[in-house]
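Biologist: I'd like to go through the charged pairs in this one. Could you pull it up so we can talk it over?

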Amino acid sequence: MFYKVKLSDHIRVPPNLFDMDIKDAIVKRIKRKYSGYISKDLGMVIDVSQVDDMEEGIIIPGDGASYYETTFEVLVYRPELQEVVLGKIKDIADFGAFISLGPIEGMIHISQSMDDFVSFSKDKVLTGKEGKRSLKMEDLCRARIIAVSYKDLSNPKLGLTMRQPRMGKLEWLEEDNNAKA
């Protein structure tokens, strides 16, 4: 889920940015510091949306930079259990599929890809034995988040399933709707 989060921090503006408008320099430094920042509590910072307040700068002797106590908003993505996501299959391996969800990638284990016995072919396609449905790279899919791990903060892991009603490759969902009509 995407959220706007208000943060407060001391932002260091080095002397080489003193020729810029102070607000632009602060935004530049906030983006540099927080771009790609990931934490279990905050999620993944996507962008700085606005600077709300900044106090007068303080120069610390021996540093030469100025520091500004700043309040700002960031746009974050925080994956939540049971959240339904839409993404594109980025890669397929013998154990499952990797799906790009925008700012992060998730993994659909082969056992969670469809309600069928699934086989993997060398041309990177997962195929169901009975239903003959296939999953290949670039397919658009709807999945549900069933696991979120921040064990490695630089690379959070998402576990996904498509073995629930109204989940799976978008073409499958369309076929199911047409069959009911």
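Biologist: Which residues are linked in a network of salt bridges?

Modeller: Keep in mind that this is a predicted model. One pair here is Asp139 with Lys169, whose closest N and O atoms are 3.2 Å apart. Salt bridges link that pair into a network, and its members are Lys136, Asp139, Lys169 and Glu171.

Biologist: Are Asp139 and Lys169 buried or exposed?

Modeller: Asp139 sits in the loop between E11 and E12, while Lys169 belongs to strand E14 (residues 168-169), 30 residues apart. The cut-off to use is under 20% relative accessible area for buried and over 50% for exposed. On that scale, both Asp139 and Lys169 are buried.

Biologist: Now Glu138, which pairs with Lys88. How many residues apart in sequence are the parts they tie together?

Modeller: Their side chains meet in a salt bridge at 3.6 Å, N to O. Glu138 is exposed at 54% relative accessible area, and Lys88 is partly exposed at 37%. Glu138 is in the loop between strand E11 (134-136) and strand E12 (140-149) and Lys88 is in strand E6 (residues 84-93), so the parts they tie together are apart in sequence by 50 residues.

Biologist: And which residue forms a salt bridge with Arg133?

Modeller: Arg133 is partly exposed, at 24%. It lies in the loop between strand E10 (125-128) and E11, and its partner is in helix H2 (residues 170-180), so the pair ties together parts 42 residues apart in sequence. That partner is partly exposed too, at 43%. With closest N and O atoms 3.6 Å apart, it is Glu175.

Conventions: Residues are numbered from 1 along each chain as its sequence is written. This is a predicted model: local features need pLDDT of at least 70, side-chain atom pairs count only at pLDDT 80 or more; totals for chains, interfaces and linings use all residues. Side-chain values use heavy atoms; hydrogens and water are left out. A salt bridge is a side-chain nitrogen of Lys or Arg within 4 Å of a carboxyl oxygen of Asp or Glu. Helices (H or I, at least four residues) and strands (E, at least two) are DSSP runs, numbered from the N terminus. Buried means under 20% relative accessible area, exposed over 50%, partly exposed in between (1.4 Å probe, protein chains only).
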